[in-house]
Each structure stands twice: as C-alpha cells, then as structure tokens.
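Student: I am new to this structure and would like a close look at one part of it. Please choose that part, go through it slowly, and then show me some of what lies elsewhere in the chain.

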Amino acid sequence: MTIDKSWTTIRRRGSSNEFWNGLQHFLQMAKPFVNDRGFIKCPCRRCLNNASHQLEDLESHIFRNGFMFGYNQWIHHGEPATANAGTTVAGPSGGIHERDEMFDVLDDIISEDADEDAVGGPSSNDQYDDLFAALRSELYPGVSSFSSLNFLVKLMHLKVLNKWTNKSFDELLKLLKLAFPKIDLVESHYEAKKLMTKMGLGYSSIHVCKNDCALFWKENSLKDTCPVCSESRWKLQSGKRSGKNVPHKVLRYFPVGPRLKRLFATSKTAKLMRWHSTGKSKDNDVMRHPVDGKSWQEFDKRHPQFAGDVRNVRLGLAADGFNPFGNMSLSYSMWPVVLTTYNLPPWICMKAEYLMLSLLIPGPQSPGKDMDVFLRPLIDELKELWVHGLDTRDAAYENGVFRMRAALLWTVNDFPARSSLSGWSG
C-alpha cells in the first residue's frame, strides 16, 4: 500500500483539508511507535527529529512549523526501512473528525510563525499549544464537528453582543457543566479570557497616576509613587495600603502592530490593502477617498521611500469622550482612541470591523491637557512602525514577506477633542 506524502509540502496548511487529513493519518500511523513514556521524535521544521514530544504535541508542532524537508522515509514513525522512500499511504476515508472551522482562524493568527522560515527560521514560540489542545478536544463525547475552542469563541462572542456580566458568564458555565457533566469547557470567564488572549485578542493594562501626571510604564513600571507629584500608585484605606494592591486608574492599551499584520494574513484583505494605489478617482473634481486629496499626494512627494511600497499603512486617529453608563445624571467621561486604515476602499475603511480600538482612557474626568500622557504607548509604537517597521507576511503572494511601515496622517475629532489632542486646553 502506497503512502501519499504530498501533503507535507503544502504551505497554506490551515485552509487545506488535504494537509489536515494527511497529518491525522501520519499521527495514527506513528501512534504505535511512541516510547514507554509516550514520546516520539518530532519531524517539524523546528525539531528536525532531534527532539521528542508526546504524540498530541506533534500535531500542533507540524501544523505551526510545517513538515521538515528531506524526511522522505518515515523510519521513526512506522514506515518500514525497506520501503521505497517517497511513497506512502493515502489518508483514510473515515475515522478522523472533520476539520474544525477554527483551524482557518488559527492559521491567520499564526501565519507569521508558520511561514517564519521565509524570514529566518521557524519560531520557537509554543504559546499556541493550549489552543491546539482545545481545538483537538471534542466539546462533548460523540460531537466531533464542534470543538471545545469553537464553542468557547462563539460563547464569548454572545457575551459581548448581549452585554453579559462576568458573573453571569461564570454562572452559565456552571449550569452547562451541571447539565452536561462530560462537556469539555473552561471553569470561568477568567480562564476563557486567558485562552482568548493567546488568539491575539488581549490588551495591556497600564496603571496611571491619580492626577494623570504619568504612566507607571517602562521606566516607571516598578515605582509605587508618581515620579511627578509623589502621589501613591495604589488606593489607600485609612492612609494605609489595603491587602490587595488596587491602582487608582488603569489605561487599556491594544497594540496596533499585530492587528495591522493580521490584515495581511489573509489574501482577501491583503489585496484590499493595495486598493489606494489603483482606486484613485479619475475625475480631478471628485474626492471619494483621502487618496484623492492634495495632502495624500504631498505626503507621497515628501516621503518617496514610504510611498514606494503601496502596502505601507496610512492611518487616521479619532478620539472623543462618552459616558459608558448611559446615565446622563452621572458625570463620567471615558475616552476611546480609535484608528482607521486608509489603505482600504471607502466602503470598507469606516466599517466597525475594520476600526481598531488602540486606547481606552479611564474617567471619571476628561484627560484634557494631559492627553499626551495617555497617548504615550500608542505614539511610541507608531514611531517604531514609522522608523523600523515590522516583518509581515503578505498572504496575497506566495512567500511574500515585507517590512511593513505605518504613518499617522490625520486625526478626526470635534474642536473640544482637538484642543485636548493638541494640548491646548483641558
């Protein structure tokens, strides 16, 4: 019986049923050859059969890093040494659960790792192993088409859409486990949140001085008092710090670079990120997109190196305050800072799913002239993206890796918000 090994050369692994089925058959074939501790040599492009792992870890390693080149006769994984190299068994027709739709999601997330060899060798980051474990796990015995991860993602989505509290989410998880004792599900919202963070959906919490003087970040991250006004970082009870350290204010920062890279991780959006280079209006009297304006053209003249690669990203920034409680009798102002990507066509760039929340500035008062304090993490990252850029895989082209740079061209705001962003008044 011949063995088809063509699946080992497929690059877009997450979107290929052929790769998934071939990998599952390889694991079934190797299963009888694990050692007494349950370990077997790993033929991914990082381990190169030099390291051994448990069989369930081989799946995530090979999916993430790819199958090693030159290993044409699987002598360590069940293929007889006398067999002709390069031949092998076609995947089984049944017995393996369907490829879950979350594989396409994970393929987008880890595409940089999966194709890292195009930049300089496979990544050694194992942060996705828990995700693959949840993806391999059936939600309930006998439910092979719905993984534990898939169900959890949909459940978290419902939580956001319907504004469930964390406590109500915990109670729902308890009820599901009580009603279905064999269900494979996390125990709490905290555990679910930790897992979602590994999918690139997390943020950084940065403590802020009570008087908005400074962030406890980078050089101030270990300090307990403000370097400007000497105010305590922590809330005090009767002049003393409580048992648990609770900061006065917390700024939420959502890194921009990983999300910009995500736009190039799928071929559809990667192609749309070039729209501005071909979609300019042919009528000089019509402006349907910022690319038609003089500011865009002037920017290209001043920075020809940046303009030379149409994949470099042009951003706009919008900020304003709002009352998150919907109660106008309660005075509270929270400020989101949102970025939009002007590489995209006009019918997409302003859609909610393409707007990127970068900062969530806490209340209860408007930041006023201290807005620059809160903007520091974003500005630092934008400067890094402008000067150095990020190595990014372009899914629109095979093996397409480029150095993505970004520039902030405009701010979009009313006059009070503009005065805060400019530091003119509070």
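Tutor: A residue is called buried here when its relative accessible area is under 20%. By that rule, 45% of the 426 residues of the protein chain count as buried. Please keep in mind throughout that this is a predicted model. The chain contains 15 helices and 13 strands, and of its contacts with a separation of 6 or more, 60% are between residues 24 or more positions apart.

The part I choose is strand E8, which covers residues 313-319, together with the sheet that holds it. That sheet is open and is formed by seven strands, which follow one another in the order E4-E3-E7-E10-E9-E8-E13 with mixed pairing. At the edges stand strand E4 (215-216) and strand E13 (406-412), and because each has a single partner strand, one side of each is left without a neighbour in the sheet. In the order of the sheet, E8 comes between E9 and E13, and the two pairings of E8 are worth following one at a time.

With E13, strand E8 pairs in the parallel sense, over six bridges. Two of the residue pairs can be found by eye: Gly316 has Trp410 of E13 as its bridge partner, while Leu317 is bridged to Thr411 of E13. With E9, in contrast, E8 runs antiparallel, and five bridges join the two strands; here Leu315 has Thr341 of E9 as its bridge partner. In a regular strand the side chains alternate between the two faces of the sheet. E8 is mostly covered, since six of its seven residues are buried.

Helices also meet this sheet. Helix H14 (residues 371-387) lies across strands E3, E4, E7, E8, E9, E10 and E13, and runs at about 150° to E10. Helix H15 (residues 415-422) packs on the sheet as well, where it touches E8, E9 and E13, and its direction makes about 115° with that of E8.

Elsewhere in the chain, helices pack on one another. The axes of helix H6 (residues 148-161) and helix H7 (residues 166-179) come within 11 Å and cross at roughly 140°, and this crossing is right-handed. From H6 the contact takes in Phe151, Leu155, Met156 and Lys159, and from H7 it takes in Asn166, Phe169, Leu172, Leu173 and Leu176. By class, these residues are seven nonpolar, one polar and one charged. His189, which belongs to helix H8 (residues 189-201), touches residues that include Met156, Lys159, Asn166, Phe169 and Leu173. His189 has a relative accessible area of 10%, and therefore counts as buried.

Another helix pair lies earlier in the sequence: helix H2 (residues 55-65) and helix H5 (residues 129-136) have axes 10 Å apart and pack at an angle of about 115°. Since angles of 65 to 115 degrees count as roughly perpendicular, H2 and H5 are therefore roughly perpendicular to each other, and their crossing is right-handed. Glu56, Glu59, Ser60, Phe63 and Arg64 of H2 make this contact with Asp129, Phe132 and Arg136 of H5. Sorted by class, the contact of H2 with H5 has five charged, two nonpolar and one polar residue.

Terms used
Residues are numbered from 1 along each chain as its sequence is written. This is a predicted model: local features need pLDDT of at least 70, side-chain atom pairs count only at pLDDT 80 or more; totals for chains, interfaces and linings use all residues. Side-chain values use heavy atoms; hydrogens and water are left out. Axes are lines fitted to C-alpha atoms, for helices over the stretch in contact, and angles run from 0 to 180 degrees between N-to-C directions. Helices (H or I, at least four residues) and strands (E, at least two) are DSSP runs, numbered from the N terminus. Angles under 35 degrees count as roughly parallel, over 145 as roughly antiparallel, 65 to 115 as roughly perpendicular and the rest as oblique. A crossing is left-handed if the near helix is turned anticlockwise from the far one by less than a right angle, and right-handed if clockwise. Contact means heavy atoms within 4.5 Å. Ala, Val, Leu, Ile, Met, Phe, Trp, Tyr, Cys and Pro count as nonpolar, Asp, Glu, Lys and Arg as charged, and the others, Gly among them, as polar. Buried means under 20% relative accessible area, exposed over 50%, partly exposed in between (1.4 Å probe, protein chains only). Two strands pair if DSSP finds at least two bridges between them. Lists of a residue's contacts leave out its neighbours within four places in sequence.
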